[in-house]
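Colleague: Please take a close look at a single part of this model, and then follow its surroundings outward as far as they help the description. Where does the backbone call for comment, and what lies around that place?

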Amino acid sequence: MLPVIYHPIYSNFPLPDGHRYPLQKYQLLKTHIDSERWPVETFEPTLLNSDTLKSIHDPDYVNALMSGELPLVKMRRIGFPWSKNLIHRSLTSLGGTTLTVDKAIEHGVAIHLTGGYHHAHYDFGSGFCLFNDLILAANHALSYPHIEKVMIVDCDVHQGDGTAALAKNRSDIITLSVHCDKNFPSRKPESDIDLPLPIGTDSDSYLREFLPCLTIALAQHQPDMVIYDAGVDIHVDDELGYLSVCQSGIGQRDQAVFSACQDHQIPVAAVIGGGYRTDQETLVPLHAELVLSALQTYYPLSGT
Ligand SMILES: [Zn+2]
């Protein structure tokens, strides 16, 4: 059974009416997966210890955010109003990405039904990201004796600026970001590998650029683990992304990542990443492509 990591708190923290963060999509996605009766086993994460955050983030930033004393201007940059539930939700989702790593190492693949906080930097958060789960999860993977190098494959439409900055001087974390060149963030610190794509890139062009890039990156760096940010904000109808990839293109991208990792026997921990539509139901089939691709690649006899 495919390990899926989820907690009901993902869709449960206070946001003002009309806020563009798709709070309900996590719950909607979980309900969809359950209703399809796919062969998945769900695991519920516990909160990440806040001391662990200080291994990658400024302790003053961590303390201020935990206690609700972060200046308003810095909260605005994150994009959420502070609440105890927000912190609780954040620590649970960070625990979720590290649990996804554990399950991926055990089973070859695991999927987290949130995650991908790639805009969180050392001493500030931005773009709905408080703390960087991808780097925390990479460090967690590296605590296993047989894992010496982790590659973060970030396919969210927005460049992984926080991840790139936090991994800048790390030879044990390789960062690959495929993104729209004219999207947020405006300042893009260099990843190990950046693949900027022009506004309007369609499915065929996207896959023609990304697939060889992935093949070369895996061959060159030979990671022992992949953490995959499968953001669907590359979709043509996304409200915060400027690419023009269709649902089938998203499925082909996800399948290509899983197939490549399976061919190289690299465990892959996937997070669903970004995806922004006012009608959050329309995001569900896009994120479900990740689950379907994993099932088709790793559990081909499951009848999906
Ligand atoms: Zn994004």
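Modeller: The part I have chosen is the loop between α8 (203–221) and β7 (225–229), which holds Q222. The model is a predicted one. Most residues other than glycine have a negative phi, and most peptide bonds are trans. Q222 departs from that pattern, with a positive phi of about 45 degrees although the residue is not a glycine. Its relative accessible area is 60%, and the limit for calling a residue exposed is over 50%, so Q222 counts as exposed.

A second residue invites comparison. Q265 is placed in the loop between α9 (247–263) and β8 (268–271). Phi is positive there too, near 55 degrees, again in a residue other than glycine. With a relative accessibility of 73%, Q265 is likewise classed as exposed. A further backbone feature belongs to the loop between β5 (173–180) and β6 (193–197), where P185 is located. The peptide bond leading from F184 into P185 is cis, and its omega is near -5 degrees.

From the chosen loop one may follow the chain into β7, which spans 225–229. Residues of this stretch recur in the contacts of buried positions elsewhere. V101, a residue of helix α5, is in contact with M225 and I227, and beyond them with A137, H140, A141 and A269, once neighbours within four places in sequence are left aside. V101 is buried, as its relative accessibility is 0%, where the limit for that class is under 20%. A141, in helix α6, is also buried, at a relative accessible area of 0%. With neighbours up to four places away again set aside, A141 contacts M225 together with V101, I147 and V150. M225 thus appears among the contacts of V101 and among those of A141.

These two residues lead to the helices that carry them. Two packed helices are described by the angle between their axes and the distance between the axes. For α5 (residues 84–107) and α6 (residues 133–142), the angle is about 40 degrees and the axes are 9 Å apart. The crossing is right-handed. On the side of α5 the contact is formed by L94, T97, T98, V101 and D102, and on the side of α6 by D133, L136, A137, H140 and A141. Sorted by class, these comprise 5 nonpolar, 3 polar and 2 charged residues. Within this contact, V101 and A137 are separated by 36 residues in sequence, yet their C-alpha atoms are 6.6 Å apart. A141 and G125 offer another pairing, 16 residues apart along the chain and 23 Å apart between C-alpha atoms.

The other side of the chosen loop, α8, and the strand β7 meet again in the contacts of V257. This residue lies in helix α9 and is buried, with 1% relative accessibility. Residues up to four places away in sequence not counted, V257 touches F210, L214 and Y228. Of these, F210 and L214 fall within the span of α8, whereas Y228 falls within that of β7. The C-alpha atoms of V257 and K30 are 22 Å apart, with these positions 227 residues apart along the chain.

For completeness, the metal site may be described as well. The zinc ion is coordinated by D156 through two OD atoms, by H158 through ND1 and by D233 through OD, at 1.9 to 2.8 Å. Along the sequence the spacing of the donor residues is D-x1-H-x74-D. The angles subtended by the 4 donor atoms run from 53 to 154 degrees, and the arrangement is therefore irregular. For reference, ideal angles at a metal are 109.5 degrees for four tetrahedral donors. Among the donor residues, D156 is buried, at a relative accessible area of 2%, and H158 is buried, at 6%.

Key:
Residues numbered from 1 in each chain as written. Predicted model: local features only at pLDDT ≥ 70, side-chain atom pairs only at ≥ 80, totals over all residues. Heavy atoms only, no water. Donors = N, O, S within 2.8 Å, 3.2 Å for Na, K, Ca; no water. Tetrahedral: all angles 85-135°; square planar, octahedral: opposite > 155°, others 65-115°. Buried < 20%, exposed > 50% of the residue type's maximum accessible area, 1.4 Å probe, protein only. Axes fitted to C-alpha atoms, helices over the stretch in contact; angles between N-to-C directions. Helix = DSSP H or I, 4+ residues; strand = E, 2+ residues; numbered from the N terminus. Left-handed = near helix turned anticlockwise from the far one by under 90°. Contact = heavy atoms within 4.5 Å. Nonpolar A, V, L, I, M, F, W, Y, C, P; charged D, E, K, R; others polar.
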